[in-house]
Amino acid sequence: MDASKTKWEIIASHTFTYFNFLNLVLAALIVFSGQQKNMLFMGIVITNALIGIIQELKVKKLIDALSVVTATKAKLLVPAGEVREVPVEQLRIGDVVRFSIGDQIPVDCETIESQGLEIDESLLTGESLAVLKKTGDMLYSGSNAVAGSGTARVIHVGEDNYATQLVKKAKTKRRATSEMQIAIKRIIKYVGYAIIPIGLVLYYIQRSAAHNTVSDSIVNTVAGVLGMIPEGLVLLTSISFILGVGRLAKKNALVQEMEAIEALARVDVLCLDKTGTITTGELKVERVVTVDAIRSEKKVREILECISYAFEETNATTDALRRYFDETKKLEIIDRIPFSSKRKYMGVTLRENGREKRYCLGAPEYLTDDRATISKAERFAAEGMRVLLLTEKEPVALVVLSDIIKEDAAETFRFFREKNVEIKIISGDNPLTVSIVGKRAGLEGAERYVDARELPDDMEKLCREVGNYTVFGRVSPEKKRLLVKAFEADDRVTGMVGDGVNDVLALKDADCGIAMASGSDAAKQSAHIVLLDSDFSSMKAIVNEGRTIISNIERVSALYLTKTLYSIMLCVLFIIIGQSYPFIPIQLSLIGGTAIGIPSFVLAFERHEDTIPRGFLRNVLRISLPAALILTGGLVAVTILNNMFGFGEVAVSTLNLLAGGAVSFGVLVSVCIPMSRLRFALCITVISLFCAAVLLFPRFFGVVPVFELFFSLRAKVGG
């Protein structure tokens, strides 16, 4: 979608179309004929235009609201040394601002002073660990301060900010890929070009060959021409998509573009991050390994219980410790040293048996040079674990933590494997760590990992390499975008799941972008679908729902396109042979209502989870084209036999109606295979309705009773 389009341009693009113009001309001809009851098709035209306008206006509103930075105030350091809160819009290049825990960075800055200032840049870079900032380091807008404090000088404002530049590139996001709608629009386009010349010549034949009145000739011509346009399919597709949006909303998915339902249903490569999909973003203490033979496990536990609850500030690590250890307060705390990224540890001074002892808990390499302890910690790290060391002058114990794997991660991966969807993990974290986590979660092929910085930027070379890996680590926002494009260049339908600003470029270029509701505004508004519960496992129900909707539409498309094809063939052939059009409007209404209309709305809302093969038009034509050829051939044969034996106008009309019904119901039975109880009951019901109409009201439909037809044909052929 082009975000620069005005509301009027959107309304005009859906109103002033060639398709709508043709229908208005046909409606005017019906008014001229005096048979206004045949103008019901205009309801479909108006409804379809309104659906398109409302949906695109909704998307425009979302994109216009695209925003990364949610902070509205900044702490400006004024010359007098005081700190004053000012609106972000008032910041200028060169201003000095102050940051502390919990502050969002509203503009790009250069660090002047850092007192243990740590910044969470995960939404920008994908790196899950906070970054310690030193003098001269960059602070990027859209990131957050999670520890310490500091001052920085503003170097970018407004659209020059890094995060804003990323979002600006996403403002021209393309619509979700819809192979089905592209094919339908193409059919309408080509049929639309052929309608005018065919319609004019058909009218001439109706007047000269059939000697109809002007009014009847117009109505018959409009009937033949309207049969060529699958407007019922266009409406049914729109309604199915809208109902699909409602169904998916009940499954915690907000669909921001209707086409995304089809794109998601056809996805065969799904790219996602580690955090929020495989892991919960939380840590878990796996075990405590005592390395000091003097202290007992009970004593070590008492010390760790004390450290876990010694500080008010919490993070993922302290939360994990508190879930594992109880708050016993068995030891008296004399002093506290809060955690700092510069020190890489936290500490407490405890009173034990009248003596003061200082314990530290943090990164092993910062607390000891004992090779045996460091080697043991490295072995745990090689298994994808995070390791803390407890010391008191000497190493005391190792605390082994792991990322919490989502309970349903393995089941979710198995689901996508069974659906022939290939999973690719694209993360800003260390590729080895992500690979190990993927293995623990049951991701097939997780051992095939690569540092994305080593991959080429050249698209042709990149396309040759991406298929070799399942896990991509240290991926920048630009490289994520290139990876998505590389998968699509291999003719894959690609889905991208993300939650950060670093995912924006990939989300907007994917065939179907999926964002977590807990993520950044930029990610949500760049995506085609938003998971409202931020739960990746809900994708199972969403994909199943999408596949059901699209499979149903493909099935009923064969019914509509059969009518389009045989209408075109009949118009052309009966123009060539100079004969009257074989159907009258009321007969087409009977066939359309019983063999197409009723079945299509029943089948379109059936519940199942069929696999969606690629090639919408090919799948539909496999059924529609042979049926259209059979019917066209049959009606031409009836015309030839009538010229030979002189059956009479009403008898020929009866044969044409029966032939049209037989072929149309044959198509219905074909699309209902495999036959279920519902489908069998549907076929029996609509065939019975058709037969009852022909048997009970033959004159109304311009035919003779079947038994009269039998004796008439027997007499003609026998004579």
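**Figure 1. R453 and the loop leading into helix α16.** In this predicted model, R453 sits in the loop that runs between strand β17 (449-451) and helix α16. How far apart in space are the C-alpha atoms of R453 and G473? The separation is 8.3 Å, for two residues that are 20 residues apart in sequence. R453 has a relative accessible area of 60%, so this residue is exposed, the cut-off being over 50%.

**Figure 2. Helix α16 against helix α17.** Here we move on to the helix that follows the loop of R453. Helix α16 covers residues 459-466 and helix α17 covers residues 477-489. Their axes lie 9 Å apart and make an angle of about 75°. Because angles of 65 to 115 degrees count as roughly perpendicular, α16 is roughly perpendicular to α17. From α16, the residues to look for are M459, L462, C463 and V466. They meet L482, L483, K485, A486, F487 and A489 in α17. Sorted by class, this contact holds nine nonpolar residues, no polar ones and one charged residue.

**Figure 3. Helix α23 against helix α24.** Now for a second helix pair. Helix α23 (residues 649-671) packs against helix α24 (residues 677-696) with 11 Å between the axes and an angle of about 175°. Angles over 145 degrees count as roughly antiparallel, and the two helices are therefore roughly antiparallel to each other. On the α23 side, L657, L658, G661, F665, L668 and V669 take part. Their partners in α24 are C683, V686, I687, F690 and V694. What classes of residue make up this contact of α23 with α24? Ten are nonpolar, one is polar and none is charged.

**Figure 4. A cis peptide bond between the two helices.** This view stays with α23 and α24 and turns to the loop between them, where P674 lies. Is the peptide bond from I673 to P674 cis or trans? This bond is cis, with omega near 5°. As a reminder, most peptide bonds are trans.

**Figure 5. I598 in helix α21.** I598 belongs to helix α21. With 39% relative accessibility, I598 counts as partly exposed, because the value falls between the 20% limit for buried and the 50% limit for exposed. Setting aside neighbours within four places in sequence, which residues does I598 contact? They are G593, L682, V686 and L689. V686 may look familiar, since this residue also appears in the contact of α24 with α23. The C-alpha atoms of I598 and T685 are separated by 9.9 Å, although the two residues are 87 residues apart along the chain.

**Figure 6. The largest cavity and its lining.** The model has five cavities of 30 Å³ or more, and the largest holds about 50 Å³ of space. Its lining is made by L559, T562, K563, Y566, A595, I596, S664 and V667. Three elements each give two or more residues to this lining: α20 (539-576), α21 (585-603) and α23. Which of them gives the largest share? Helix α20 does, with four residues. By class, the lining of the largest cavity has five nonpolar, two polar and one charged residues.

**Figure 7. Two positive phi values, at K393 and S534.** Most residues other than glycine have a negative phi. Two loop residues are shown here with a positive value. K393 has a phi near 70°, and its place is the loop between β14 (386-392) and β15 (394-405). The relative accessible area of K393 is 77%, so K393 is exposed. S534 has a phi of about 55° and lies in the loop between β21 (529-531) and α20. Helix α20 is one of the elements that line the largest cavity.

**Figure 8. I188 in helix α6, with the whole protein for context.** I188 is part of helix α6, residues 179-208. Is I188 buried or exposed? Its relative accessible area is 16%, which means I188 is buried, the limit being under 20%. Between the C-alpha atoms of I188 and V234 there are 9.6 Å, while along the chain the two are 46 residues apart. Stepping back, the protein has 25 helices and 21 strands. Of its 719 residues, 53% count as buried. Among contacts with a separation of 6 or more, 69% join residues 24 or more positions apart.

Definitions and conventions
Residues numbered from 1 in each chain as written. Predicted model: local features only at pLDDT ≥ 70, side-chain atom pairs only at ≥ 80, totals over all residues. Heavy atoms only, no water. Axes fitted to C-alpha atoms, helices over the stretch in contact; angles between N-to-C directions. Parallel < 35°, antiparallel > 145°, perpendicular 65-115°, else oblique. Contact = heavy atoms within 4.5 Å. Nonpolar A, V, L, I, M, F, W, Y, C, P; charged D, E, K, R; others polar. 1 Å grid on protein atoms, 1.4 Å probe; cavity = no way out; pocket = protein on both sides within 12 Å on 5 of 7 lines; lining within 4 Å. Points joined across faces, edges and corners; volume = space filled by probe spheres on them. Buried < 20%, exposed > 50% of the residue type's maximum accessible area, 1.4 Å probe, protein only.
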